[in-house]
Amino acid sequence: MRRPLGLTVSRHILDSQRLHPDASGELSGLLNELIVVCKTISAEVNMAGLAAIIGLSGKKNVQDEEVQKLDEFAHLTLVNRMARCGYLCVMSSEEEEEVIEVEPNFEGNYVLAFDPLDGSSNIDVNVSIGSIFSIHKRRSTSGPGSSADLLQPGHAQVAAGYVLYGSSTMLVLTTGDGVHGFTLDPNVGEFYLSHANIKVPERSTYLSINEGNKQSWLPQVQAFFEMLTQQDEEKQRPYSSRYIGSLVADFHRNLLSGGLFAYPRNTKDPELFQGKLRLLYEAAPLAMIIEQAGGRAITDDGRNILDIEPESLHQRVPLIIGSKLDVDDAEEYFTR
Ligand code: AHG
Ligand code: MN
Ligand code: MN
């Protein structure tokens, strides 16, 4: 008996393009290239445990190369392939200080910012990690792009997403028409639509935060999270903790089950006074996804993440993100 095959992500991207009759197909091409890179990273991540064993035994891999660090592999795979995809004018990666130029004569109309491997402290312990990406249209008109093309607010993103390398590999993508999730069938090498039109539960009872830092948060931030841990049966408090330390994994769980993730500023550490997470590579893309899914993302002083005008590529930002009503409550406390 013939069974109907699921919708592939490439099919989904082409179908979404039809909704925009003026679309040139460039964004679809760009997304498809990016997906190929993420499949390559996924294959490498799946081999990581084994590679470590091979590495420990002093052997090299089949190509006779030394085993490479996974975050470096992810970064280089993205840079090398995307620099020649023909749809970008400039890129930026969490792993590189300066902007990344594309191959001359391969310039296109978009810019890409990415965190090649988020949750890198979890690589060696076999816990979910991911790649996060953010896409804008270029601001300049032609030739090579510059940092000015990358320094755009989150609300100007045309697409954002992440690939989670977990118990299965999943792509979560938005191009401004809702959020859709695709699961990789490793035997076929295709992402199939598995989670159409994801909506985050409006209210949750889960909290993802590194509580070890609580003495260093702003007083009103401390008060809010303290309140969530107090007994209140009617409001289903205390909230339950869920924190693994891979933003992409913590975020993904909250997106599907409802939850509030927070990484507030650390008032006692000058390096973390603007928060820990990066605006361009982490906060802005996840903020676009959560808003498209019906949630919200703000800073710990009540600013909307998507409204922030970036001033530098690696700018950090305090991030409070998740179920809408929980972020509403946080905002009310933070702006008292
Ligand atoms: P990255 O691995 O890309 O450097 O990001 C790490 C981030 C993020 O994934 C996570 O939410 C956060 O660091 C965890 O920080 P703490 O260990 O300070 O809680
Ligand atoms: Mn990260
Ligand atoms: Mn990273």
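The charged end of R253 sits over the ring of Y206, 4.4 Å from the ring's centre. Keep in mind as you look around that this is a predicted model. Below is a short tour of the ring contacts, a manganese site and an enclosed cavity.

**Charges over rings**
- Besides R253 with Y206, there is R265, which lies over the face of F273 at 5.2 Å from the ring centre.

**Aromatic pairs**
- The count of aromatic pairs comes to six.
- One of them joins Y162 and F251 in an edge-to-face arrangement, with 5.8 Å centre to centre and 90° between the planes.
- Y162 belongs to strand β5 (residues 159-165) and F251 to helix α6 (residues 247-257), so this pair ties together parts that are 89 residues apart in sequence.
- Y162 is buried, at 0% relative accessibility, and F251 is buried too, with a relative accessible area of 2%.
- Elsewhere, a cluster is linked by ring pairs among W217, F224, F225, Y333 and F334.

**The manganese site**
- The manganese ion (ligand 3) has three protein donors to look for: E94 (OE), D115 (OD) and L117 (O), lying 2.3 to 2.4 Å from the ion.
- If you want to find these donor residues in the sequence, their spacing is E-x20-D-x1-L.
- A second manganese ion (ligand 2) is 3.7 Å from the manganese ion (ligand 3), and D115 coordinates both.
- E94 sits in the loop between β1 (88-93) and β2 (100-101), while D115 is in strand β3, so the pair ties together parts that are 21 residues apart in sequence.
- The two residues can also be described by their accessibility: E94 is partly exposed, with a relative accessible area of 22%, whereas D115 is buried, at 0%.

**The cavity**
- Counting cavities of 30 Å³ or more gives one.
- The largest cavity has a volume of about 50 Å³.
- Its lining is made up of V111, A113, S134, I135, H136, L150 and L280.
- Two elements, β3 (110-118) and β4 (129-137), each give two or more residues to the lining of the largest cavity.
- β4 gives the most, with three residues.
- By character, the lining of the largest cavity divides into five nonpolar residues, two polar and no charged.
- Strand β3 therefore turns up in two places on this tour: D115 of the manganese site lies in strand β3, and β3 (110-118) is also among the elements lining the largest cavity.

Conventions: Residues are numbered from 1 along each chain as its sequence is written. Chains are lettered from A and ligands numbered from 1 in the order in which they are written. This is a predicted model: local features need pLDDT of at least 70, side-chain atom pairs count only at pLDDT 80 or more; totals for chains, interfaces and linings use all residues. Side-chain values use heavy atoms; hydrogens and water are left out. On a 1 Å grid over the protein atoms alone, a cavity is a set of points where a 1.4 Å probe fits but cannot get out, and a pocket is an open set with protein on both sides within 12 Å along at least five of seven lines; lining residues have an atom within 4 Å of a point. Grid points are joined across faces, edges and corners, and a volume is the space filled by probe spheres set on the points. Helices (H or I, at least four residues) and strands (E, at least two) are DSSP runs, numbered from the N terminus. Ala, Val, Leu, Ile, Met, Phe, Trp, Tyr, Cys and Pro count as nonpolar, Asp, Glu, Lys and Arg as charged, and the others, Gly among them, as polar. Donors are N, O and S atoms within 2.8 Å of the metal (3.2 Å for Na, K and Ca); water is not among the atoms, so sites may look incomplete. Buried means under 20% relative accessible area, exposed over 50%, partly exposed in between (1.4 Å probe, protein chains only). Rings of Phe, Tyr and Trp (its six-membered ring) pair if their centres lie within 6.5 Å; planes under 30 degrees apart count as stacked, over 60 as edge-to-face and the rest as tilted. A charge sits over a ring if NZ of Lys or CZ of Arg is within 6 Å of the ring centre and within 35 degrees of the ring normal.
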